[in-house]
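Reader: I have a model open and want to go through its geometry. Can we take it piece by piece?

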Protein chains: 2
Amino acid sequence: MDIKIALAQLNPNVGAVEYNKNKAIEYIKKAIQKKVSLVVFPELFLLGYPLGDILTRYPILGLQCQKALEEIKQYSDKIDILIGYAEINRENHKKPYYNSIAYLKQGEIKKIIRKTLMANYQEHNDYRYFEPYCDAQDRIIEIKGKKFGVVICEDSWNDSQFFEKNLYKIDPIESLKGKVDALICPSSSCSRVKKEQLKNNLAKFISKKYNIKYIYVNQVGANDELVYEGLSRAYNEKGEIMACAEPFLEELFIFDYTEGGKISSYYKRYDKDEKPIKKFSLDYGFDLERTYLALICAIKNYFSKTGFKKAVLGLSGGLDSTICACLLADALGGGNVLGVSLPAKITSKESKNDAKTLASNLGINFCEIPIVEQQTAQLEKFSKIASIIQGDFIENENSYLEDNIQARLRAMILWGISNKYQNTLPIATSDKSELYMGYATINGDMSGGFAPICDVVKTKLFALGYWMNENRAQKNAIPTSILKKPPGAELAIDPKTNKPLIAADALMPYEFLDEVIWRIENLNQSMNDMEKEEFLYEKKENITQEQKKIWLQKFFKRLKSALYKWNIVPVGPVIDARSINRIEFKQPIVSTIDY
Amino acid sequence: MDIKIALAQLNPNVGAVEYNKNKAIEYIKKAIQKKVSLVVFPELFLLGYPLGDILTRYPILGLQCQKALEEIKQYSDKIDILIGYAEINRENHKKPYYNSIAYLKQGEIKKIIRKTLMANYQEHNDYRYFEPYCDAQDRIIEIKGKKFGVVICEDSWNDSQFFEKNLYKIDPIESLKGKVDALICPSSSCSRVKKEQLKNNLAKFISKKYNIKYIYVNQVGANDELVYEGLSRAYNEKGEIMACAEPFLEELFIFDYTEGGKISSYYKRYDKDEKPIKKFSLDYGFDLERTYLALICAIKNYFSKTGFKKAVLGLSGGLDSTICACLLADALGGGNVLGVSLPAKITSKESKNDAKTLASNLGINFCEIPIVEQQTAQLEKFSKIASIIQGDFIENENSYLEDNIQARLRAMILWGISNKYQNTLPIATSDKSELYMGYATINGDMSGGFAPICDVVKTKLFALGYWMNENRAQKNAIPTSILKKPPGAELAIDPKTNKPLIAADALMPYEFLDEVIWRIENLNQSMNDMEKEEFLYEKKENITQEQKKIWLQKFFKRLKSALYKWNIVPVGPVIDARSINRIEFKQPIVSTIDY
């Protein structure tokens, strides 16, 4: 018997139940036309993911979901439907909702499957609104003689043999042992480095272990910080891929239960790269492709979902603004991007030329607005302030006043342009390495309506630059001079060299810096742990233990005083395994940890 | 038999285990000197609260807690100790920690009591790191023949008779029924409007219901957004208060188990005001005193814990900056505050005079730095930009460019002063009503290192102004003219009146606006719900249903486009029952809810 299954790999709008319902119906109709037996939507599709606190603040959303289901079920006379929503919990002693999947069949809500394991780490906050449904429940649906067990996202992530450590006592998959032919896993699981590889290994393991098929459908698109890769897919009983949708693409992906279907070439590339990283490496490998696609997806979605059409950013001729410009050009089209060169007194001719060449290569709009006069006027103003300020205010020896004035004047022009022109969003170009170090100016380069690379470290940005030069349709758009020069904000002169200060001198070598970040985020290491382990940079450069300790101490000292800046970084996509984005990392600013 | 109990109502530093341990030992020694039998510390005292994600990111903190307990227990030969910490969970299938209280006695860790109910709403995120301990556990300790049941914070908040709706199935207090003479409830429970009254009613109810004493100890001080009131206290078996510590004050509060002890006069004032609000009212009553004290506490703690000593803010002669200046003067001392008048072209003489008079009344430092020249230069610059910008950028009809330039130039000066002078923090003066409406300039008045009134609505700020004029040591420091004039940012001229635009005209009357906010936050109402109910302002002013609908639609439309600004509001204290502070409200920016 022929069973065609459609995975509705779609991009919902968060909170827009009516819109999501209409989209669901549109795709159900398509699936009916294609003679599909079962169409599966992602977890919580009617609401979108992530939810924030909208469910508790606007209970009307629960009622809207209910109403939407009543409408959708009318289409289930010709097709079976599995669709995610927030189910109002009417009991008096529990959380207000369940995270549920409705099984619609023959015009009825035939069954409701509720999520058991409440993901509450990183970007997940299930337990804020959802009651875990832990009683034994009937998760099985039957279609043309085949039995499918439905496990919602986290419910499939607790295999005690696969994971070294389990978060929960219950394993919903185990309870289906011997009872089903296939698992169906509706998810809303965001993209992070090496996470897709982990899911791939888990799915292979589960399908082999239980000798069943494993069918996974994921949300696609992006909402604020979170990017959803899609890549919905199915594995056979031997743990082999039998069908896989495209990444970052909205589609109704149809495959045959027995024969399988198309397999995205992207899947094949990442499948080769399946081992999770255990060591810091400057070879970012396959992840550069994912990072590029995820960033493009994040930008596209943020603009289209907020109604912005154009982006304006400062082009310094440095790495950060260069990478941002490339990404924006590819996501929005060159004509929708305005790069502004904003030279100050010490800006070099090379930097100005690099900015101009880049803009021309990318085909983005470009203009030059020098800030020299305003810089002079501001500095003059501040030179007089000392004489009028009352009270015992003591001047800083190194005040960064001059540096910051430049960055702030630039941001003032970019925000002014965004005021003046319709639907134009200014872009914050800060990168993750520098945000960790607080090496970004408030109301300056840190300021903007979106921060595309706030979760990408510097060494990866360099790699991404080379990758884009090789892999974008238009080759070598980034001038080599930009990729070759050492990063520096060009805001101050180094008295030692009489040239603009290089960031690595003000901070520490980026290869070292990025490894510290990596060790915190991936290994949860303390400073003490790191002192004992060998860094990649140590191996290469033969630095002393004393030097290493100085850098580590500097890192944690700077991190502490950067915390308040993290609080006001504009929204930007999560890329790494862990991030400092507000959706995830919440260290109190006043905290004083003995790292 | 005489039992003296000490409630260690203390202010921990988040994450600073060594510091918190030393503080604990200091107070244990004091308690020993005073012949105390039992000293009780707040929930999670060794780590401080809130934790953010530091426990999972820096597992070293769990080990530090363990080490600290080993040291503290040595003091338990002369006194019994109950102290909160994060206990490492060594099982392989659960969350990494328990939220535990160690009972130290005779030099040993005699017992560990673990939290059962995981608070995961508003500012609470227990389930991110703590395994709920739901097995029946021994929560009872015995001192001089009396039995005490230990229930950690949320564990005492699930009485099925007291609450209309319960969050959890289990009630840990019920399991102690008939087995204990008193409950001890170590908490870290932050201050919010009417929350202390709810706790008071709950404690009275529980002690009467079970005929037991109820002893509550709370953290004090503030960490980032959260302010802890303290007010640790004990009730007798009849539900009567028998002892109560001061609010917002660090102290070792000692009382006698039988005789009771001192009762703070603040408690007596709020006890009179015990009914939770069910209707929006402009009579803020007792809550003005709490709000004032909470804001002072928040400012003091943020400055002392981050090392800042001085505050700089713009003084416009308007309400927001006036209230901020009063609070800062009282929290930091007038000599540590610098008020800067930053007049632009349309700034009135009255505003300038009001600012000056206020500064002089408060005894804060003051200077005037006009921004007129820079304003002209910037506008000139922008008038030329149109001719050099490439691409099809379409000008906005109403661009707010002129308004925003003024706000941003002011912030540039304030941040410059903070750059130039040691330990000086610029203050963001935005209030909650205007943040809800996005009526604040990014990199302008919304910008700063701390936002003292970001959770206080405008009508309450007026009331607070009058309250301060009456209740501060120095009476009437705020010129009446400031309290009498309608709010307006004085950034643009209203073409209709030829006078500076009034905010209520640009938005809607503040009495109406603040009630919409109140209804969202306290009643979870949708726009539809609100249309059906009568507003206070409607009663008074006889507005049409059409007008009401226009305002409601405007409100929700503005709210939607304000979401991205909420993402970058500087840290500031939570005051209301609900807030938009990042620690609590997490609505995705891209969300499109049909409210």
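Reader: Which residue follows helix 16 of chain B, and what is the sign of its phi?

Author: B:Asn524 follows helix 16 of chain B, and its phi is positive, near 55°. Helices here are DSSP runs of H or I with at least four residues, strands are runs of E with at least two, and both are numbered from the N terminus. This is a predicted model, in which local features need pLDDT of at least 70, side-chain atom pairs count only at pLDDT 80 or more, and totals for chains, interfaces and linings use all residues. Residues are numbered from 1 along each chain as its sequence is written, while chains are lettered from A and ligands numbered from 1 in the order in which they are written.

Reader: What is the usual sign of phi outside glycine?

Author: Most residues other than glycine have a negative phi, and most peptide bonds are trans.

Reader: Back to helix 16 of chain B. What span should it have, and what are its end C-alpha atoms apart?

Author: Its 14 residues, 510–523, should span 20 Å at 1.5 Å a residue, and the end C-alpha atoms are 19 Å apart, which agrees. The expected span is 1.5 Å times one less than the number of residues.

Reader: How many of its residues are buried?

Author: In helix 16 of chain B, 10 of 14 residues are buried, so the helix is mostly covered. Buried means 20 or more other C-beta atoms within 10 Å of the residue's own, exposed means 12 or fewer, and partly exposed is in between, with C-beta atoms placed from the backbone. Among the buried ones are B:Phe512, B:Trp518, B:Asp514 and B:Glu521.

Reader: And helix 11 of chain B, how many buried there?

Author: In helix 11 of chain B, 17 of the 20 residues are buried. That helix covers residues 401–420 and reaches 28 Å from its first C-alpha to its last, close to the 28 Å expected.

Reader: Zoom out to chain A. How many helices and strands?

Author: Chain A has 18 helices and 20 strands. Its C-alpha trace spans about 80 × 55 × 50 Å along the principal axes.

Reader: What radius of gyration does chain A have?

Author: It has 26 Å, and a compact globule of 595 residues would be near 25 Å, which agrees. The radius is taken over C-alpha atoms, and the globule rule is 2.2 Å times the number of residues to the power 0.38. Buried residues make up 57% of chain A.

Reader: Which domains does chain A have?

Author: The domain assignment gives domain 1 (4–272) and domain 2 (287–383 + 399–566). Such bounds come from an automatic or database assignment. The C-alpha centres of the two domains lie 38 Å apart.

Reader: How many residues are in contact between domain 1 and domain 2 of chain A?

Author: Nine residues of domain 1 are in contact with nine of domain 2. Contact means C-beta atoms, placed from the backbone, within 7 Å. On the domain 1 side, strand 10 (residues 220–223) gives the most, with three residues.

Reader: Now the chain interface. How many residues of chain A are in contact with chain B?

Author: 92 residues of chain A are in contact with 92 residues of chain B. On the chain A side the largest share, 11 residues, comes from helix 10 of chain A. That side divides into 45 nonpolar, 30 polar and 17 charged residues. Here Ala, Val, Leu, Ile, Met, Phe, Trp, Tyr, Cys and Pro count as nonpolar, Asp, Glu, Lys and Arg as charged, and the others, Gly among them, as polar.

Reader: Is A:Gly15 buried or exposed, and where is its place?

Author: A:Gly15 is buried, with 25 other C-beta atoms within 10 Å. Its place is in the loop between strand 1 (4–9) and helix 1 (17–33) of chain A. Beyond its neighbours within four places in sequence, its contacts include A:Leu47, A:Ile54, B:Ser591 and B:Ile593.

Reader: Which peptide bond in chain A is cis?

Author: The bond from A:Tyr49 to A:Pro50 is cis, with omega near 5°. A:Pro50 lies in the loop between strand 2 (38–40) and helix 2 of chain A. In chain B, a cis peptide bond joins B:Tyr49 and B:Pro50, with omega about 5°.

Reader: Last one, A:Asn498. Buried or exposed?

Author: A:Asn498 counts as exposed, with 7 C-beta neighbours inside 10 Å. Its phi is positive, near 65°, and A:Asn498 lies in the loop between strand 19 (493–494) and strand 20 (499–500) of chain A.

Note on methods:
Contact = placed C-beta atoms within 7 Å.
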